[in-house]
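This report walks through one protein chain, from its overall layout to single residues. Please keep the sequence and the structure open while reading.

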Amino acid sequence: LLLFLIVSCAPIYVNYDYEKATDFSKYKTYNFYSDMKTGLSELDEKRFFNVLNEKLAERGLTQSDAPDFFIDIKSSEYEEVPRNNVGVGLGGSGGNVGGGISIGIPVGQSKVNRQIIMDFVDENQGGLFWQAVSESSFNPDASPEKREERLSAIVNKILEGFPPKTKG
């Protein structure tokens, strides 16, 4: 219930893209690129990979030294400027003279967001075949438990689109 409340209060947006001709049923094993620079802190990276490995295992995929595909993960953080502004205006006129001043004052704090891009790459069959790009809020001051809950929710949302549902 707590996880549901956290996820519902701070939405996770994910866009998926994939190669339409891909036979996703042939993929049974995976591994991560060894030179990957995720952009996550070392502890968040461990949390992310633990959850990802667990969720992929639930889907019948196993980590292997000779994988069917590789996973590449990149992330970045950015600040979202508050969209709420208060306008203060002054104006006056006298005779043929007029003037005015308007100032927009941002209301609220800037939000820190994190974008995570996950690529599934088949190096033997033409490269990138599936991609998810997630965007969500990020609290750099969150406790380890909250960070783990958030990363788990992100991984769950990302993997909702893998394998893609075929429309028949």
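The text below covers the fold, a few individual residues, the aromatic rings, the pocket and one unusual peptide bond.

**Overall layout**

The model is predicted. The protein has 3 helices and 8 strands, and their order along the sequence is α-β-β-α-β-β-β-β-β-β-α. Of its 168 residues, 36% count as buried. Among contacts in the protein with a separation of 6 or more, 74% are made by residues 24 or more positions apart.

**Strand β2 and the loop after it**

Strand β2 spans residues 29-32, and T29 belongs to it. Is T29 buried or exposed? T29 counts as buried because its relative accessibility is 15%, and the cut-off for buried is under 20%. Leaving out residues up to four places away in sequence, T29 touches L61, T62, S64, A66, P67, D68 and F69. With D68 there is also a short polar distance to note: a polar atom of the T29 side chain lies 2.8 Å from the backbone nitrogen of D68.

S34 is in the loop between β2 and α2. S34 has a relative accessible area of 79% and is therefore exposed, the cut-off for exposed being over 50%. The C-alpha atoms of S34 and I71 are 9.8 Å apart in space, while the two residues are 37 apart in sequence.

**Helix α2**

K46 is a residue of helix α2, and so is F48. Their accessibilities put them in separate classes. K46 is at 47% relative accessibility and so counts as partly exposed. F48 is at 0% and so counts as buried.

Which residues does F48 contact, its neighbours within four places in sequence left aside? They are L40, I73, I116, M118, L151 and V155.

Both K46 and F48 can be paired with E148 by C-alpha distance. The table lists these two pairs together with the pair of S34 and I71.

| Pair | Separation in sequence | C-alpha to C-alpha distance |
|---|---|---|
| S34 and I71 | 37 residues | 9.8 Å |
| K46 and E148 | 102 residues | 9.7 Å |
| F48 and E148 | 100 residues | 7.7 Å |

**Aromatic rings**

How many aromatic pairs does a search of the whole structure find? The search finds 18. One of them is formed by F32 and F49, with 4.6 Å between the ring centres and 55° between the planes, and this pair is tilted. F32 is in strand β2 and F49 is in helix α2 (residues 42-58), so the pair links distant parts of the chain, 17 residues apart. F32 and F49 are both buried.

A ring also takes part in another arrangement, this time with a charge. The charged end of R114 sits over the ring of F138, at 3.8 Å from the ring centre.

**The largest pocket**

The volume of the largest pocket is about 280 Å³. Its lining consists of 15 residues, and those nearest the centre are S137, N139, A142, K146 and R150. Two elements, β8 (127-137) and α3 (144-159), each supply at least two residues of this lining. Which element gives the most to the lining of the largest pocket? That element is α3, with 6 residues.

**The segment after α3**

P163 is in the segment after α3. The peptide bond joining F162 and P163 is cis, with omega at about -15°.

**In brief**

In strand β2, T29 is buried and its side chain has a polar atom 2.8 Å from the backbone nitrogen of D68. In helix α2, F48 is buried, whereas K46 is partly exposed. The tilted pair of F32 and F49 links strand β2 with helix α2. At the largest pocket, α3 gives 6 residues to the lining. Beyond α3, P163 is joined to F162 by a cis peptide bond.

Definitions and conventions:
Residues are numbered from 1 along each chain as its sequence is written. This is a predicted model: local features need pLDDT of at least 70, side-chain atom pairs count only at pLDDT 80 or more; totals for chains, interfaces and linings use all residues. Side-chain values use heavy atoms; hydrogens and water are left out. Helices (H or I, at least four residues) and strands (E, at least two) are DSSP runs, numbered from the N terminus. Buried means under 20% relative accessible area, exposed over 50%, partly exposed in between (1.4 Å probe, protein chains only). A polar contact is a pair of N or O atoms within 3.5 Å; within protein, one must be able to donate a hydrogen and the other to accept it, and residues adjacent in sequence count only if both atoms are side-chain atoms. Contact means heavy atoms within 4.5 Å. Rings of Phe, Tyr and Trp (its six-membered ring) pair if their centres lie within 6.5 Å; planes under 30 degrees apart count as stacked, over 60 as edge-to-face and the rest as tilted. A charge sits over a ring if NZ of Lys or CZ of Arg is within 6 Å of the ring centre and within 35 degrees of the ring normal. On a 1 Å grid over the protein atoms alone, a cavity is a set of points where a 1.4 Å probe fits but cannot get out, and a pocket is an open set with protein on both sides within 12 Å along at least five of seven lines; lining residues have an atom within 4 Å of a point. Grid points are joined across faces, edges and corners, and a volume is the space filled by probe spheres set on the points.
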